[in-house]
Amino acid sequence: MTQASWDRTLFSTSSAPATTVTHDTGLLLLRLVVGLSMAGHGAMKLFGWFGGPGLTATGKGFTMAGYPAGDAMAVISGLSETLGGLALAIGLLTPLAGAALIGVFVNILDVRGLGAYFPPKGVELEVVLFAAIVALTLTGPGRFAVDHHLPVLRESRPRYSLLAVLVGLVAGFVVLIIRD
């Protein structure tokens, strides 16, 4: 089978052009990796899974970083990461998931500081994850997502995407104001 006939076979069952299929597959891959990574990180905070610290230690870390009610902040952060990550991974309410994770990353970057970009004390990984979350929030989850079956999100994507980024940034900065 030649490459051209393989491509026709692969994409013949879809009404979308090949570039759309590859675009949506790329978004699916990005959503799964970023979303499940964030969900796992949240589960480390909430439940101590994957060698994570659990709620008590995470709460103490938030208190040491200057947040009031460190235990409550640990729960909020852990839930935002876990639920936001899972929703992002399956493409469910992607703008809302993006807003939750954007708010988390505003705080992560502030706590980590922007003094260095590269390791050992740099924030390059956090910046890459943050950019991926903002990009997914703005572009949408693609066709291989639950949102694709929710007409209100399909029809109003740009409005909800921009609003979600704004809400995530505002929420993140409000928490920073509370911290100081």
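So, a pocket, before I show you one, is an open set of grid points with protein on both sides within 12 Å along at least five of seven lines. Keep that in mind, and also keep in mind that what we're looking at is a predicted model.

Okay, the overall picture. The protein has 180 residues, and 41% of them count as buried. There are 8 helices and 0 strands, so if you read along the sequence by DSSP runs, the pattern is just α-α-α-α-α-α-α-α.

Now for that pocket. The largest pocket comes out at about 600 Å³ in volume. It has 30 lining residues, and the closest to its centre are Lys45, Ser77, Glu81, Val104 and Ile108. Which helices supply at least two residues each to the lining? That would be H2, H3, H4, H5, H6 and H8. H5, which runs over 94–112, gives the most, with 9 residues. As for the class of those lining residues, we have 17 nonpolar, 9 polar and 4 charged.

Let's stay with two of the names from the pocket centre, Lys45 and Glu81. Their side chains meet in a salt bridge, at 2.6 Å from N to O. Glutamate 81 sits in helix H4 and lysine 45 in helix H2, 36 residues apart, and the pair links distant parts of the chain. Are these two buried or exposed? Both glutamate 81 and lysine 45 are buried.

How many salt bridges are there in total? The count is 4, and I'll walk you through two others.

One of them joins arginine 179 and aspartate 110, with the closest N and O atoms 2.3 Å apart. Again it's a link between distant parts of the chain: arginine 179 is in helix H8, aspartate 110 is in helix H5, and they're 69 residues apart. Here the two partners don't fall in one class. Arginine 179 has 17% relative accessibility, so it counts as buried. Aspartate 110 has a relative accessible area of 37%, so it is partly exposed.

Another one is between arginine 112 and glutamate 126, where the side chains meet at 2.3 Å, N to O. This pair connects helix H5, where arginine 112 lies, to helix H6, where glutamate 126 lies, and the two are 14 residues apart. Why is arginine 112 called partly exposed? Because its relative accessibility is 37%, and the buried class stops at under 20% while exposed starts at over 50%. Glutamate 126, on the other hand, is at 14%, so that one is buried.

Let's move to the outside. Leu163, Leu166, Val167, Val170, Val174 and Ile178 make up a nonpolar patch on the surface. Together they have about 520 Å² of accessible area. One of them, isoleucine 178, lies in helix H8, and H8 covers 157–179.

While we're on H8 and its neighbours, here are a couple of backbone distances. Alanine 100 lies in helix H5, and its relative accessible area is 28%, so it's partly exposed. The C-alpha atoms of alanine 100 and alanine 171 are 8.4 Å apart, with their positions 71 residues apart along the chain. The other distance starts in a loop: glycine 66 is in the loop between H3 and H4. Glycine 66 is partly exposed, because its relative accessibility is 35%. Its C-alpha is 9.3 Å from that of valine 111, and the two are 45 residues apart along the chain.

Last stop, the loops, where the backbone has a few things to point out. Which peptide bond is cis? The one from proline 119 to proline 120, with omega near 10°. Proline 120 is in the loop between H5 and H6.

Then there are two residues other than glycine that have a positive phi. Phenylalanine 50 has phi near 55°, and alanine 69 has phi near 50°. Phenylalanine 50 is found in the loop between H2 and H3, and alanine 69 in the loop between H3 and H4. Phenylalanine 50 has a relative accessible area of 62%, so it is exposed. Alanine 69 is at 52% relative accessibility, so it counts as exposed as well.

That's the tour. If you take one thing back to your desk, open up the Glu81 and Lys45 salt bridge and look at the pocket centre around it.

Technical notes. Residues are numbered from 1 along each chain as its sequence is written. This is a predicted model: local features need pLDDT of at least 70, side-chain atom pairs count only at pLDDT 80 or more; totals for chains, interfaces and linings use all residues. Side-chain values use heavy atoms; hydrogens and water are left out. On a 1 Å grid over the protein atoms alone, a cavity is a set of points where a 1.4 Å probe fits but cannot get out, and a pocket is an open set with protein on both sides within 12 Å along at least five of seven lines; lining residues have an atom within 4 Å of a point. Grid points are joined across faces, edges and corners, and a volume is the space filled by probe spheres set on the points. Helices (H or I, at least four residues) and strands (E, at least two) are DSSP runs, numbered from the N terminus. Ala, Val, Leu, Ile, Met, Phe, Trp, Tyr, Cys and Pro count as nonpolar, Asp, Glu, Lys and Arg as charged, and the others, Gly among them, as polar. Patches are made of residues with over 30% relative accessible area and no salt bridge: like charges are joined within 9 Å, nonpolar side chains (Val, Leu, Ile, Met, Phe, Trp, Tyr) within 5 Å. Accessible areas come from the Shrake-Rupley method with a 1.4 Å probe; for residues, only the protein chains shown count as cover. Buried means under 20% relative accessible area, exposed over 50%, partly exposed in between (1.4 Å probe, protein chains only).
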